[in-house]
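Biologist: I would like to learn how to read a model like this one, feature by feature. Could you take me through it, with the general idea before each case?

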Amino acid sequence: MLLNLEMSESMQLPAAFIEKYTKLLGQQAPEFLESFNEGPAKGFRVNPLKAQKQPLVHAISDPVSYSEFGYYGSVSGKTVDHQSGLIYSQEPSAMYVGEVAHPKPGERVLDLCAAPGGKTTHLASFMAQEGLLVSNEINRKRADILAENVERFGLKNTIVTNESPETLEHHFPEFFDVVVVDAPCSGEGMFRKDHEAVQYWTSDYPASCANRQKKILASALKMLAPGGRLIYSTCTFAPEEDEQNIAWLLKNYADLQILPIKKYAGMDNGRPEWADGNPQLAETLRIFPHKMRGEGHFIAQLKKQGQVSTHKLSKTQKTNVTKQQKQDWHKIADQLLISPVPDSRLLAFGDYLYAMPVELPNLDDLQVVRPGVNLGVFKKNRFEPALPLALAEQPQDFIDPVAVTIAQWEKYVHGDTFMVTEVKSGWHVLCYQNLTIGFGKVVNGVVKNFYPKKFRFEIKHDAF
Ligand SMILES: C[S@@+](CC[C@H](N)C(=O)[O-])C[C@H]1O[C@@H](n2cnc3c(N)ncnc32)[C@H](O)[C@@H]1O
């Protein structure tokens, strides 16, 4: 018999790290340092944008008190909950960033350092598919993963860009109501999850991260509209990257003020004495792993003075599809969808067709990974619908959805064909219970499989 036990190995922390936090934390230091020998806290959020309101496989018996959508527990990627985008795996203390940001439907939101998408999917959970969420990631490979997670979550109001903050600032001057900077950091709060992260740590690392963070923050502020909010977070304990960066902002930007953050049991105030002593820094927030079930986070919320503008866009992105492309799309869309997206929001990117968010700014000269929902691909004289369209809509939005059993779902995600009865030939969305899972093309009772090869997996059933 094999026992699957999750062991936590004792961690070798750098001597300089131990010395630093012993000085900073005083009496609390032993408990803090000891917490690195425990296993990491795990959690997930449930996607409120899906018609299915509760996970079908994952238990939601252990809610995270400060998060509307969060639960403790690990996620299995090989489940219908995960494949359909109903759940997103996220370390519990990271969930408080999205809660603090809590954008409203209709707002313009920027997630500046967004991959792999934990905060983006959380922000979108509050936005009810309205307004605009620009989810940006500087690293191309990570931006692709971000786009996959955005698509799995089914986000219609979100575009994914792959830009540096310096480039982005020229496109969106004073544009956003909410800007989230979940900054690249020294990652001390990742040590338990990723033991290798310890190897990168040196005593100068936090200071070099802080320099990079200041540059990112300067760009972020150029994009923040008057009256808008900046949410800054890190998953590190280093004061250089946390309170000291906020002290720097307050000194250098007279139009910024700190907004208080609600603190739940176990959460700490920021430490003014770890920066320049400005008492307002106590309004920032710290989550420590020895005080809460989480890996640790720092969060600050700031407001830019001024009146919220009326949001007039000088130039919006116009549709660019040809008459032929429109015809090819409608041939399929009119059979599949109860209300296909208006033609004015169709955008062709090479052979791919996207549905743009409403009121999308002009995207010329930007590296865009995903300008909206990928509706499908133009093939020779025909259009093939794509998985992101299935995941962005709910079963009731489709004409003739096909209900599959769990055994058929397993075949689908493995890339196999399967049989259905009394289903008209042609394209259909496939649903397991109240979840859309993808498209299939039915030909004489056989469902041809169009689940993308890169996402396929096998469910192994234990033999008795
Ligand atoms: C802490 S991670 C973001 C995690 C993400 N917000 C989430 O919740 O899933 C920081 C991100 O910043 C990106 N990054 C690195 N250097 C950057 C820079 N100079 N400007 C902007 N982003 C940067 C990294 O590639 C990384 O994906």
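Modeller: Let us start with the packing of one helix, bearing in mind throughout that this is a predicted model. The cover over the buried residues of helix 9 includes helix 8, strand 8, strand 9 and strand 12. Helix 9 spans residues 243-252, and its buried residues are Glu243, Gln244, Asn245, Ile246, Ala247 and Leu249.

Biologist: What general idea helps in reading a list of positions along a helix?

Modeller: An α-helix has 3.6 residues a turn, so residues three or four places apart point the same way. In helix 9, the buried set includes Glu243, Ile246 and Ala247.

Biologist: Strand 12 is part of that cover; how many of the eight residues of strand 12 are buried?

Modeller: A residue counts as buried here if 20 or more other C-beta atoms lie within 10 Å of its own. Six of the eight residues of strand 12, which runs over residues 297-304, are buried, so this strand is largely enclosed by the rest of the structure.

Biologist: Which strands pair with strand 12, and in what sense?

Modeller: For each pairing, one reads the sense and the number of bridges, and then a partner pair to fix the register. Strand 8 (residues 224-234) pairs with strand 12 in the antiparallel sense over six bridges, and threonine 234 has phenylalanine 298 of strand 12 as its bridge partner. Strand 9 (residues 256-259) is also antiparallel to strand 12, with four bridges between them, and here isoleucine 258 stands opposite leucine 302. Strand 11 (residues 285-287) is joined to strand 12 by three bridges, again antiparallel, with leucine 285 partnered by isoleucine 299.

Biologist: Turning to the ligand, which residues come nearest, and which elements give two or more residues to the shell?

Modeller: A shell is read by its nearest members, then by the elements that supply it, and then by its chemical classes. There are 16 residues around the ligand, of which Cys113, Gly118, Lys119, Asp182 and Pro184 come nearest. The elements that give two or more residues to this shell are helix 5 (118-127) and helix 8 (205-223). By class, the shell around the ligand holds eight nonpolar, three polar and five charged residues.

Biologist: Where does the UniProt record place the feature "binding site"?

Modeller: An annotation of this kind is best kept apart from what is computed on the model. The unreviewed UniProt entry places "binding site" at Cys113, Ala114, Ala115, Pro116, Gly117, Gly118, Lys119, Glu137 and Asp182. Although these positions are spread over 70 residues of sequence, they cluster in space, the largest C-alpha distance being 12.5 Å.

Biologist: Are cysteine 113 and lysine 119 buried or exposed?

Modeller: For a single residue, one looks at its element, its neighbour count and its contacts outside the local sequence. Cysteine 113 lies in the loop between strand 4 (108-111) and helix 5, and counts as buried because it has 22 C-beta neighbours inside 10 Å. Leaving aside neighbours within four places in sequence, cysteine 113 is in contact with Val181, Asp182, Ala183, Pro184 and Ile216. Lysine 119 belongs to helix 5 and is buried, with 24 other C-beta atoms within 10 Å. Not counting residues up to four places away in sequence, lysine 119 touches Val97, Gly98, Asp111, Ala114, Val180 and Asp182.

Biologist: How far apart are the centres of the two domains, and how many residues are in contact?

Modeller: One begins with the bounds, then takes the separation and the contacts. The domain assignment gives domain 1 (15-304) and domain 2 (395-458), and their centres, taken over C-alpha atoms, are separated by 36 Å. Nine residues of domain 1 are in contact with eleven residues of domain 2, and the side of domain 1 that touches domain 2 has four nonpolar, three polar and two charged residues. As a separate point, glutamine 396 lies in the loop between helix 11 (387-392) and strand 18, and counts as exposed, with 11 C-beta neighbours inside 10 Å. Glutamine 396 and alanine 51 are 345 residues apart in sequence, yet 8.7 Å apart in space, C-alpha to C-alpha.

Biologist: What is the order of the strands in the five-stranded open sheet?

Modeller: One reads the order across the sheet, and then its edges. The order is 18-20-21-22-19, with mixed pairing, and the edge strands, each pairing on one side only, are strand 18 (402-403) and strand 19 (418-419). Within this order, strand 21 (residues 435-443) and strand 22 (residues 446-449) run antiparallel and are joined by four bridges, with lysine 441 opposite lysine 448 of strand 22.

Methods. Residues are numbered from 1 along each chain as its sequence is written. This is a predicted model: local features need pLDDT of at least 70, side-chain atom pairs count only at pLDDT 80 or more; totals for chains, interfaces and linings use all residues. A residue is near a molecule or strand if its C-beta atom, placed from the backbone, lies within 6 Å of it. Ala, Val, Leu, Ile, Met, Phe, Trp, Tyr, Cys and Pro count as nonpolar, Asp, Glu, Lys and Arg as charged, and the others, Gly among them, as polar. A residue is buried if 20 or more other C-beta atoms lie within 10 Å of its own, exposed if 12 or fewer, and partly exposed in between; C-beta atoms are placed from the backbone. Two strands pair if DSSP finds at least two bridges between them. Domain bounds come from an automatic or database domain assignment. Two residues are in contact if their C-beta atoms, placed from the backbone, lie within 7 Å. UniProt positions are given in the numbering used here, feature names are shortened, and annotations may be inferred rather than shown by experiment.
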